[in-house]
Amino acid sequence: MQEVDKTTLPLEVSKVIFGEDEIQEAVKRIGEQITQDYAGQKVLLVTVLKGAFIFMADLVRAIKGDVEIDFMAVSSYGDGSKSSGVVRIIKDLNASVEGRHVIIVEDILDSGLTLTYLLRNLKSRKPLSIEVATLLFKEGKQQANIRCKYIGLMCPDEFVVGYGLDYNESYRNLPYIGALDASAYEQ
Ligand code: PRP
């Protein structure tokens, strides 16, 4: 993993967990898998805003094939640090998913509550197939048994920010993924 100068980390970020090179390797690998799996078929990538926007932007360029993208915005985190269990749609898709090959693109699978809801919701719209691609997978955290076909990196159980992931809407622009210092969110 390439080194990031510690003195340049934001005050609330205690360390780098995944550097830029490691992230790009994972994105490239998923892109190649999707290219192979959907050869000759058009696939609709459903991006879950906001966190997945950077992953999607890189992933779509790593796929050699016919892809369409669309966006959904949902909210699952209540207080900025813990899943609330309440998922609501803030923005729905423009595209119809009926009869389409769909991949849900997520930045992180944590409790799995968001994806459980999304899978149930999108399956009811009768896609031809539906899979999940997540950049980060928090091991052992899922309350639901979700079949996730494309996983980028196994993530330690820390509050992670950067590469699209936020804390109170900050840090999404960090090019790496770092751990938020616990003092930032624990009173
Ligand atoms: C985050 C993340 C996933 C979800 C994962 O979104 O982007 O969508 O939480 O958590 P879960 O597996 O515990 O449900 P968040 O609600 O923070 O919105 P954001 O992407 O706009 O930051």
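# Exercises on strands, helices and backbone

V13 has L180 in strand 9 as its bridge partner. The model is a predicted one, in which local features need pLDDT of at least 70 and side-chain atom pairs count only at pLDDT 80 or more, while totals for chains, interfaces and linings use all residues. Residues are numbered from 1 along each chain as its sequence is written, and side-chain values use heavy atoms, with hydrogens and water left out.

**Exercise 1.** Place the pair V13 and L180 in its sheet, and find which strands stand at the edges.

*Solution.* Begin with the elements themselves: helices (H or I, at least four residues) and strands (E, at least two) are DSSP runs, numbered from the N terminus. Two strands pair if DSSP finds at least two bridges between them, and strand 1 pairs with strand 9 (residues 177–180) over four bridges in the antiparallel sense. Next, widen the view to the open sheet of three strands, whose order is 1-9-8 and whose pairing is antiparallel. Strand 1 (13–18) and strand 8 (160–161) each have a single partner strand and stand at the edges, so one side of each lacks a neighbour in the sheet.

**Exercise 2.** Describe how strand 5 is joined to strand 2 and to strand 6, and decide whether strand 5 is largely enclosed or not.

*Solution.* On the one hand, strand 2 (residues 43–49) pairs with strand 5 in the parallel sense over five bridges; V43 has H101 as its bridge partner in strand 5, and T47 has V105. On the other hand, strand 5 and strand 6 (residues 129–138) run parallel and are joined by eight bridges, with L136 in strand 6 as the bridge partner of I108. Now turn to burial, where buried means under 20% relative accessible area, exposed means over 50%, and partly exposed lies in between (1.4 Å probe, protein chains only). Nine of the nine residues of strand 5 (residues 101–109) are buried, so strand 5 is largely enclosed by the rest of the structure. In strand 2, six of the seven residues are buried, so this strand too is largely enclosed by the rest of the structure.

**Exercise 3.** Classify the packing of helix 1 against helix 2 from the angle between them, and list the residues that meet.

*Solution.* Axes are lines fitted to C-alpha atoms, for helices over the stretch in contact, and angles run from 0 to 180 degrees between N-to-C directions. Helix 1 (residues 20–37) packs on helix 2 (residues 53–62) at an angle of about 50 degrees, and their axes are 8 Å apart. Helix 1 is therefore oblique to helix 2, given that angles under 35 degrees count as roughly parallel, over 145 as roughly antiparallel, 65 to 115 as roughly perpendicular and the rest as oblique. For the residues, contact means heavy atoms within 4.5 Å: Q24, V27, K28, I30, G31, E32, I34 and T35 in helix 1 meet F55, D58, L59 and A62 in helix 2.

**Exercise 4.** Find the backbone features at K50, E169 and Y171.

*Solution.* As background, most residues other than glycine have a negative phi, and most peptide bonds are trans. The peptide bond from L49 to K50 is cis, with omega near -5 degrees, and K50 lies in the loop between strand 2 and helix 2. In the loop between strand 8 and strand 9 is E169, which has a positive phi of about 70 degrees although it is not a glycine; at 46% relative accessibility, E169 counts as partly exposed. Y171, in the loop between strand 8 and strand 9, has a positive phi of about 80 degrees although it is not a glycine, and at 15% relative accessibility Y171 counts as buried.
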